[in-house]
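User: I should like to learn how to read a few features of a protein model. Could you guide me through them?

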Amino acid sequence: MIRNYFLTAWRNLRLHRLNAIINIAGLTVAFTVCILLFLMVHFEFSFDKFLKNNNSLYMAYNLGHAPDGDDKGEAFGYPAAPTFKKEVPGILRTTSYMYGGRGIRYKDKEVGKDIQLVSPDFFDMFGFPVMSGTRSNPLSDVGNVVLSQSAATAVFGKEDPVGKTVKVKVGNRWQDLTVTAVVQDAPDNSSIQFNILARIELAGNYVEDKNEWNHQNHPVYVQLAPNATPQQVEAGLRGLVKKYHLADEDHLKAKGFRRDVYGDMYAIKLAPYSSLHFDVALGRGPTVSKSYLYILVLIAVVVLVIACFNFVNLNVARAFTRAKEVGVRKTIGAGRGQIFFQLWTESLLLFAVALFIALGAVVLLLKPFNQLFVEKLTMQALSQPAIIVYVIVGMLLVSFMAGGYPAWLVARFRTVEVLKGKVSVGRSALLRNGLITFQFILASLLICSTIVIYRQFQYMRKAPLGFEQESVISIPVKSGENSLRYIREMRQRLGSQPQVVSVTGSSGNIGIGEDRSQSAWSIGFDYNGKAIETEMLIVDYDFLETLGIKLLAGRSFSKEYPADTAAGTRNVIVSESMARQFHEKNVVGMSFYSDSSAPKWNIVGLIPDIHLHSLHEKLGALTLEMAKPKSHSSLGYILVKVRTDNLVKAMTLVRDTYKAIEPDNTVNPSYLTENTYRWYAKEERLSTLFCSAASIAILLSCLGLFAIVSLVIGKRRKEIGVRKVLGASVAGITGLLSKEFLRLVALAFIIATPIAWYFLSRWLQDFPYRIAISWWIFPLAGFSALAIALGTISVLTVRASLANPVKSLRTE
């Protein structure tokens, strides 16, 4: 019986090839999109699930109740990790985690690998498998170092590294350490990625700052004891804040901070480690918002729903062309159940073929999909037995829901009415129109979303930042302790080149360079009872000139003023936001102490506010200070301003010149336009995703509309012939056949407009700097949908209008 169902289904599909092809094409596209997005969402939600202690790991973070919202910070001082473990009940283990530098040497070979500094508890907490060497506490001694498999291979090749002495560059110093273990590389779905692990005590400023709570420069992770709860541990941390006076309440009160239910303006809280991948404020590495993942799921559902609606519409429309077939089957004894399963088997066969083709398409598209969305997806997830069961069950459910209704509808036909030709199509037309309308509502929503997201992305990318980008090249410096010497050499070598305008340096990059690194350093102090906060940037001569930043008052840093680089003074240039915090009429020329033990500040210049960070963040106060040779200032980046008549040639000149100065630096320079563009990689991917989804939704909607109109015209062929014989024009017949469907598209646009406006307005609220939703976006989306639908319908209606009426009427 089942074999007969499939044979009959196959014959029917071959007989109605066009409908079968349209159905399979639509379902294949939908399944391909769903599988790719499922792999993407599955990968993101799998982050850190492999850790054996995942449920008991937490990150400690600072929480301040600022007037305009809560401020979260992940940085702590060196005393935090050991003190948490020693004094807070419920904490079993702790570890610091801090970037320590880059570079490892063995004999004459040097490899540029990053070093992370951690506490001895790191391996007991995270449990990364040790492949060789000491398995129990491999960082028990300060002189130990642990390598990942990839780092060990890069440095030692096939030689066993365990027990060997290597030189590791921590900060600006090379230190001799002994390799005690090689651990498995962290998987791609790990928030923590590392090459080399060493002890936190090796940090350059550890000795002088090991008791300084306020010198905060790294996150701290904790593991709770089996019976401890986060609430109990946070209560213990609250006592720690009071004991060590970690909150300056007078300072916080002056800034307008609020008290929470416990009476605290500042507290140390715990965030579950499993949540950090979805926490943009606290997470490390490539974090992603859960709302973004839910959007991906929503897009997959929308595309699948549109494809299923197409399927339902086509099968319901075809059901009435098969009425006599059903009548005959019932006459010779077929029951409702048999007819239902016969027709549903056809649907199941279509869905199975579409799923098989979609899996092949996923294999072909996975690599370009990974490149487009910067993912590391593999087909491995689909090879898991549980996932295979989910996919098959999901396909069966979707096929039952999409194919079940048409099959049930046909199985209910009464035999006598069918054979007399009295089958009503009224309800079918109502369902068909409702599904078409809903399809185009979804398509219109996606079109509106695509336009708004793209415009917001373009606004952020092209907004003026207060400095020149197109003509400035950023070079990451490998050996920061030599940065001032490198800058001098670059000035000497490029000074005679007409393409080069100026050379300078800064402690932080602008945007995200080829080294993929970002850093920021802020300080706070009191001035006449006012709380002052500012980001600090250490720079070299010609910084303002290189970036094209104009002075509003005062002067720039200059060699004519030796005090700019003198060890006992702090001559600074401040931004307008920084100046406003003093509430003084003229800040240039002001002198004050930020700390009684530190040199006096002297404000020598005032500049406009500039965006050192992306437009996701509000403009903040900025203070520029000169790098001082005698204090061994380290500038991480060299900035070179070039003429824009030949950017490629200028880049080649700058890259080659710097390569001769620091030959072991493998990181390429980049223009600031490239760096700032990388700020908005997420918005670009979201824009691409919505554009693709909108295109697919429109394609599927039009594919279904094409098939429906084709069936409708087939039913009205004789009517069209009669109208032509009676003198109807081609335009008149085309309008008659098109207007019903165009009304549905127009209705969909009217319904979609307020929905799109509401949700897009909510989405834009997350951006401090955003576009206004222009009124013309919605008519543009509506007219686009109408034009595409009209083009789809016109192909068939014009052809039907031009057909010879004799052919359609000759049987009468």
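Analyst: The following turns treat a strand, a helix, salt bridges and a surface patch.

Analyst: This is a predicted model, in which local features need pLDDT of at least 70 and side-chain atom pairs count only at pLDDT 80 or more, while totals for chains, interfaces and linings use all residues. Residues are numbered from 1 along each chain as its sequence is written, and side-chain values use heavy atoms, with hydrogens and water left out.

User: Which residues of strand 20 point one way, and which the other way?

Analyst: Strands (E, at least two residues) and helices (H or I, at least four) are DSSP runs, numbered from the N terminus. Buried means under 20% relative accessible area, exposed over 50%, and partly exposed in between (1.4 Å probe, protein chains only). Strand 20 covers residues 622-626, and five of its five residues are buried. Leu622, Leu624 and Met626 point one way, whereas Thr623 and Glu625 point the other way.

User: In which sense does strand 20 pair with strand 15, parallel or antiparallel?

Analyst: Two strands pair if DSSP finds at least two bridges between them. Strand 15 (residues 530-539) and strand 20 are parallel, with five bridges; Leu537 has Leu624 as its bridge partner. Strand 17 (residues 570-575) runs antiparallel to strand 20 over three bridges, and there Val572 is partnered with Glu625.

User: What covers the buried residues of helix 15?

Analyst: Contact here means heavy atoms within 4.5 Å. The cover includes strand 12 (472-476), strand 13 (500-506), strand 21 (637-642) and helix 18 (647-661). Among the buried residues of helix 15 are Leu484, Tyr486 and Ile487.

User: How many salt bridges are there?

Analyst: Side chains of opposite charge can pair when their charged atoms come close. A salt bridge is a side-chain nitrogen of Lys or Arg within 4 Å of a carboxyl oxygen of Asp or Glu. The count comes to 21 salt bridges. In one of them, Lys641 and Glu468 meet at 3.2 Å, N to O. Lys641 lies in strand 21 and Glu468 in the loop between helix 14 (426-462) and strand 12, so the pair ties together parts that are 173 residues apart in sequence. Lys641 is buried, at 13% relative accessible area, whereas Glu468 is partly exposed, at 29%.

User: Which residues make the nonpolar surface patch of about 650 Å²?

Analyst: Patches are made of residues with over 30% relative accessible area and no salt bridge; like charges are joined within 9 Å, and nonpolar side chains (Val, Leu, Ile, Met, Phe, Trp, Tyr) within 5 Å. Accessible areas come from the Shrake-Rupley method with a 1.4 Å probe, and for residues only the protein chains shown count as cover. Val389, Tyr390, Val393, Leu397, Phe400 and Met401 make this patch. Val393 lies in helix 12 (residues 385-411) and counts as partly exposed at 40% relative accessibility.
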